[in-house]
Amino acid sequence: MATRGDDFDDFVRGSATRLLRTAVLLTGDRGAGEDLVQETYEKIYVHWPRIRTGAPEAYARKTLTNLAANRWRTRRRRPAEVALAENHDEPTPDDSEAYAVRQQLLRALQDLPPRQRAAIVLRYYDDLTEAQTAEILGCSVGTVKSQTSRALDRLRLITEPAILEGLR
């Protein structure tokens, strides 16, 4: 004798592809479609003993469509959802080149005298003004300007020119 779970599992295996295709077309997003199919299966499982002898796939499509319509209505009343990523299927960009450039710049910073390094870090990494940097370093604005200028000149000699483009 088949149990509730066995019949339901067979139904899910047989209908998943078709329901997912419908859900993706209804929602316009694969992730949202998968969520909608999951919610549909949850609703069907509760009523499975009554549904399984009739037309469960038709009931599933109707449930799926109603749930999608409810989401549309609810979305109008709530603020818009913010997507974390536009397309879940896009590959993640390889940041290895940016990492290498960052590491080269960090090594070059270590070659600077301490006051020049501090001026560069405060001005360009911490995005402080010349006056704020001068206050932190305990010197005049003119000293910050000269230390920053010397440090940039030295960095230009040590590093590739492309690295410094991000500082300007």
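Student: What share of the contacts in the protein chain with a separation of 6 or more comes from residues 24 or more positions apart?

Tutor: Happy to start there. This is a predicted model, where local features need pLDDT of at least 70, side-chain atom pairs count only at pLDDT 80 or more, and totals for chains, interfaces and linings use all residues. Residues are numbered from 1 along each chain as its sequence is written, and side-chain values use heavy atoms, with hydrogens and water left out. Taking contact as heavy atoms within 4.5 Å, the share is 57%.

Student: How many helices and strands are in the protein chain?

Tutor: Helices (H or I, at least four residues) and strands (E, at least two) are DSSP runs, numbered from the N terminus. Read from that end, the elements run α-α-α-α-α-α-α-α-α. The count is nine helices and zero strands.

Student: Which helix gives the most to the largest nonpolar core?

Tutor: A nonpolar core is a set of buried Ala, Val, Leu, Ile, Met, Phe, Trp, Tyr and Cys residues joined through side-chain atoms within 4.5 Å, and buried means under 20% relative accessible area, exposed over 50%, partly exposed in between (1.4 Å probe, protein chains only). The largest such core has 15 residues, with Phe11, Val37 and Ile44 making the most contacts inside it. At least two of its residues come from each of α1 (4–27), α2, α3 (48–51) and α4 (56–77). The top contributor, with five residues, is α1.

Student: Which residues does Phe11 touch, leaving aside those up to four places away in sequence?

Tutor: Phe11 is one of the residues with the most contacts inside the largest core. With sequence neighbours up to four places away not counted, its partners are Tyr41, Ile44, Trp48, Pro56, Glu57 and Ala60.

Student: Is Glu34 buried or partly exposed?

Tutor: Glu34 sits in helix α2, residues 30–46. Its C-alpha is 9.6 Å from that of Ala16, and the two are 18 residues apart in sequence. Because its relative accessible area is 38%, Glu34 is partly exposed.

Student: Is Gln116 buried or exposed?

Tutor: Gln116 belongs to helix α6. Not counting residues up to four places away in sequence, Gln116 touches Gln147, Arg150, Ala151 and Arg154. Its relative accessibility is 9%, so Gln116 counts as buried.

Student: Why is α5 called oblique to α6?

Tutor: Axes are lines fitted to C-alpha atoms, for helices over the stretch in contact, and angles run from 0 to 180 degrees between N-to-C directions. The axes of α5 (residues 96–110) and α6 (residues 114–125) come within 9 Å and cross at roughly 140°. Angles under 35 degrees count as roughly parallel, over 145 as roughly antiparallel, 65 to 115 as roughly perpendicular and the rest as oblique. That crossing angle therefore makes the pair oblique.

Student: Which residues of α6 make the contact with α5?

Tutor: On the α5 side, the contact uses Leu105, Leu109 and Gln110. From α6 come Arg117, Ile120, Val121 and Tyr125.
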